[in-house]
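Student: I should like to take a close look at one helix in this structure and at what surrounds it. Could you please guide me through that part in detail, and then place it among the neighbouring parts?

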Amino acid sequence: MKIGVVKEREVAERRVALNPDTVAKLVKQGYVVLVEAGAGELSFYSDVDYQAAGAEIKTELEEVWGGVDVLLKVAPLREREIDWLRPGSTLISFLSPLSQPEHIQRLAEKNITAFALELIPRSSRAQVMDALSSQAGVAGYQAVLVAAAALPKFFPMLTTAAGTIPPAKVFIIGAGVAGLQAIATARRLGAIVEAFDIRPAVKEEVQSLGAKFVEVALEEDTVAAGGYAKEVSVAAKQKTQEAIAAHVQTADVVITTAQVPGRTAPLLVTEEMLLAMKPGSVVVDLAAEQGGNCAWTEAGREIVRNGITVIGPINLPSSLSIQASQMYAKNISTLLTYLTKDGELNLDFSDDIIGGACVTHGGEIRNERVKQALH
Ligand code: NAD
């Protein structure tokens with residue numbers, strides 16, 4: 001079976017779908033791996049490294065895009081990239097299936113069997129293939145470093161001859177995978193950390209990382225199927241905002257990560273809250289690309305108003321490309337081997353991982369939510 005690894009063409013994308021170590025493992029298992037020349041360059045993996053791992057380097061893009069059975073990628077495909085795919089081939093990548101359903105339709109029309117990494121079930125069994133989690137962990141870590149670099153203060157408490165410096169106060173909103181990694185990172189840097197999430201089940205995890213959990217008693221169910229957060233009512237949103245306002249006001253750093261799959265991110269930090277923050281304070285909004293959790297957020301920009309800095313980073317995992325790619329390669333190669341047997345695709349759609357992640361097969365869209373998103 002021929003596997004292809006292509007160069008990512010999005011400007012902000014530095015990751016690559018397989019690193020050389022993972023290529024070596026796949027080649028040992030009998031896969032033929034073709035790598036587009038320069039595919040690993042921005043993750044600091046050279047063509048020579050891939051060749052040494054047993055890959056064939058291809059300089060013409062059609063040789064990889066049009067010449068393989070399974071194509072592995074990181075960023076969702078652009079229109080013209082869909083054109084380059086060979087009809088009948090298989091694709092595994094992030095695909096933004098709910099926000100770009102028209103691209104999924106085009107994949108179905110080209111008879112591509114496509115697996116969207118966003119739709120891997122969030123279960124213990126699928127954890128090793130869960131690229132959303134591995135990449136969210138990278139983003140959570142990096143968000144704290146971005147905040148620390150922008151904050152005109154120390155994070156840790158320091159006792160020096162020139163006086164005692166109190167620790168920074170960090171407030172994390174949304175304690176999913178990214179939020180929990182942000183808590184752990186801010187604690188390692190010595191900050192005092194508080195965190196809030198509308199899923200009360202995360203309280204223990206937050207506390208076990210040494211942070212204080214901010215409790216808000218909502219009178220409605222906040223958890224949807226699969227353990228994800230639900231979109232809550234206007235009344236619950238208002239109650240949440242009132243409850244977190246005091247914590248935003250006293251924080252030096254606020255990191256927001258709140259998301260509801262398939263929806264615009266909830267607005268949690270209002271303009272009024274931002275105006276009440278201390279000058280010099282920093283907000284890093286990890287939900288920037290989904291509309292943002294904070295009133296001033298603009299995706300890809302750093303806004304400074306009234307002495308408050310609001311940063312809306314795009315694709316933070318990409319900035320740690322070496323290890324973000326390494327983790328992604330582990331996720332995607334495990335899924336690939338799970339989908340194949342004796343060098344052939346072996347698709348049992350009753351399996352929750354295969355049935356859950358496969359968005360197109362046999363010329364049809366297989367996912368009901370994607371079909372609904374088209375209309
Ligand atoms: P996500 O990126 O979809 O959202 C981030 C966080 O924002 C979540 O914790 C969510 O509850 C929170 N949030 C949403 N709306 C909010 C609001 N209005 N106010 C405050 N917080 C809000 O989440 P994720 O990190 O991808 O995790 C999603 C779910 O999957 C979680 O239940 C997580 O525990 C679970 N999960 C399970 C596994 C596993 O079992 N292997 C792995 C990863 C994630």
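Tutor: What follows begins with helix H7 and then moves outward to the sheets. Please keep in mind that this is a predicted model.

Helix H7 covers residues 177–188, which makes 12 residues. From its first C-alpha to its last it reaches 17 Å, close to the 16 Å expected at 1.5 Å a residue. Is this helix largely enclosed or largely open to the outside? It is largely enclosed by the rest of the structure, because 9 of its 12 residues are buried. The buried residues of H7 are Val177, Ala178, Gly179, Leu180, Gln181, Ala182, Ile183, Thr185 and Ala186. A residue counts as buried here if 20 or more other C-beta atoms lie within 10 Å of its own.

Which elements provide the cover? The buried residues of H7 are covered by elements that include two helices, H6 (131–150) and H8 (203–208). Strands S9 (169–173), S10 (192–196) and S12 (253–256) are also among the covering elements. Just after the helix, Gly190 adopts a positive phi of about 95°.

The helix also has a part in the surroundings of the ligand. There are 31 residues around the ligand, and those that come nearest are Gly174, Gly176, Gly227, Ala229 and Ala258. H6 and H7 are the elements that give two or more residues to this shell. Sorted by class, the shell has 16 nonpolar, 11 polar and 4 charged residues.

Let us now turn to the sheet that holds the covering strands. S9, S10 and S12 belong to an open sheet of 7 strands, whose order is S11-S10-S9-S12-S13-S15-S14 and whose pairing is mixed. At its edges are strand S11 (212–213) and strand S14 (302–305), each of which pairs on one side only. In general, the strands of a sheet pair through backbone hydrogen bonds, either parallel or antiparallel.

Strand S12 runs parallel to S13, and 4 bridges join the two. Within this pairing, Val254 stands opposite Val283 in S13. On its other side, S13 (residues 282–285) is joined by 3 bridges to strand S15 (residues 308–311), again in parallel. Val283 has a bridge partner in S15 too, namely Val310. The side chains of S13 are divided between two directions: Val282 and Val284 point one way, while Val283 and Asp285 point the other way, and all are buried.

A second sheet deserves a comparable look. This open sheet is formed by 8 strands in the order S3-S2-S1-S4-S5-S6-S18-S19, and its pairing is mixed. Strand S3 (56–58) and S19 stand at the edges with a single partner strand each, so one side of each is left without a neighbour in the sheet. Strand S1 (residues 2–5) and strand S2 (residues 32–36) run parallel and are joined by 4 bridges. In this pair, Gly4 stands opposite Leu34 in S2.

Strand S6 (residues 113–116) shows how one strand can have two partners in this sheet. Strand S5 (residues 90–93) runs parallel to S6, with 4 bridges between them, and Ser93 stands opposite Ala116 in S6. To pass from S5 to S6, the chain goes through helix H5 (residues 101–109), and this β-α-β crossover is right-handed. Strand S18 (residues 358–361), by contrast, runs antiparallel to S6 and is joined to S6 by 2 bridges. Thr360 in S18 is the bridge partner of Ala114. From S6, Thr113 and Phe115 point one way and Ala114 and Ala116 the other way, and all are buried.

After edge strand S19 (364–365) comes a loop that leads to helix H13 (368–374), and Asn367 lies in this loop. Asn367 counts as buried because it has 21 C-beta neighbours inside 10 Å. Leaving aside residues up to four places away in sequence, Asn367 touches Pro97, Leu119 and Val359. The C-alpha atoms of Asn367 and Val146, which are 221 residues apart along the chain, are separated by 37 Å.

Finally, Thr250 offers another case, placed in helix H9 (residues 234–250). Thr250 is partly exposed, because it has 13 other C-beta atoms within 10 Å.

How values were computed: Residues numbered from 1 in each chain as written. Predicted model: local features only at pLDDT ≥ 70, side-chain atom pairs only at ≥ 80, totals over all residues. Expected span 1.5 Å × (residues − 1). Contact = placed C-beta atoms within 7 Å. Pairing = 2+ DSSP bridges. Right-handed = clockwise from strand over helix to strand, strands pointing away. Near = placed C-beta within 6 Å. Nonpolar A, V, L, I, M, F, W, Y, C, P; charged D, E, K, R; others polar.
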